Amino acid sequence: MEVMKSAGDCIKIILREMSVKDSESFYRLYFEDESAIQDQTTNEEHMNPVKFTEHILSLCEELYSIRTAENEQIIIGDCALHHWNQEEKKIEIGGFLLPEYWGKGIMSAAFKLLIAVAKEKYQANVLVAKTEITNLKALKFAKKLGFQKISNEGDIIILEKRVLDREAFPGIY
């Protein structure tokens, strides 16, 4: 199981490759309350934690849990690389972090580690991020990382970041 650790950030984080063993904790990130579980119904049956985790794993090239070095047992978020387009050397990046951990540099550290994976493992030249128009925090975060708006698909904004050289992401190589 691949484990990556951040260096030099305020809060040290650990990215651990997601597996079905993490399904209960991973599921709770997204469906902590019963109303969210009800929204996830499919043909009279909602996805259980294992099915949910297997489904998300099937959509991603790379899926990692985010944990703090202080408490490696608790999953506080996730981050992923998905929708790899080998011809165009493009890959999507995304993630989720529990609100109580926002503003602490955790997702920035996680994305730096993921960007290194995108470059080294996939030789990606372009990262794609998508978010809802109304998600102002995500838009601000993406722009802070150097993503630029490319287009809209309905209520979704598509942003891209070129990662052709080391200057694009100083300090992560």
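Here are short questions and answers about a predicted model of a protein.

Trainee: How many helices and strands does the protein have?
Mentor: Take the secondary structure of this predicted model. The strands come to 10. The helices come to five.

Trainee: What percentage of the residues count as buried?
Mentor: The protein has 173 residues. A residue counts as buried under 20% relative accessible area. By that cut-off, the buried share is 43%.

Trainee: Which element supplies the largest share of the largest nonpolar core?
Mentor: In soluble globular proteins, nonpolar side chains tend to be buried together. Here the largest nonpolar core has 31 residues, and Leu 15, Ile 66 and Phe 147 are among those that touch the most other members. Several elements supply at least two residues each, including strand S2 (13-17), strand S5 (60-68) and helix H5 (136-144). The largest share, 11 residues, comes from helix H4.

Trainee: How many residues are in the other core?
Mentor: This core lies apart from the largest one. Leu 29, Phe 31, Ile 56 and Ala 80 are among its members. Its residues number 13.

Trainee: Why is Cys 79 in no bond with the sulfur of Cys 60?
Mentor: A disulfide is a covalent bond between the sulfur atoms of two cysteines. The sulfur atoms must lie within 2.5 Å to count as a disulfide. The closest cysteine sulfur to that of Cys 79 is in Cys 60, and that is too far for a bond, at 9.9 Å.

Trainee: Is Cys 79 buried or exposed?
Mentor: Buried means under 20% relative accessible area. Cys 79 has 0% relative accessibility. Therefore Cys 79 counts as buried.

Methods: Residues numbered from 1 in each chain as written. Predicted model: local features only at pLDDT ≥ 70, side-chain atom pairs only at ≥ 80, totals over all residues. Heavy atoms only, no water. Helix = DSSP H or I, 4+ residues; strand = E, 2+ residues; numbered from the N terminus. Buried < 20%, exposed > 50% of the residue type's maximum accessible area, 1.4 Å probe, protein only. Core = buried A, V, L, I, M, F, W, Y, C linked by side-chain atoms within 4.5 Å.
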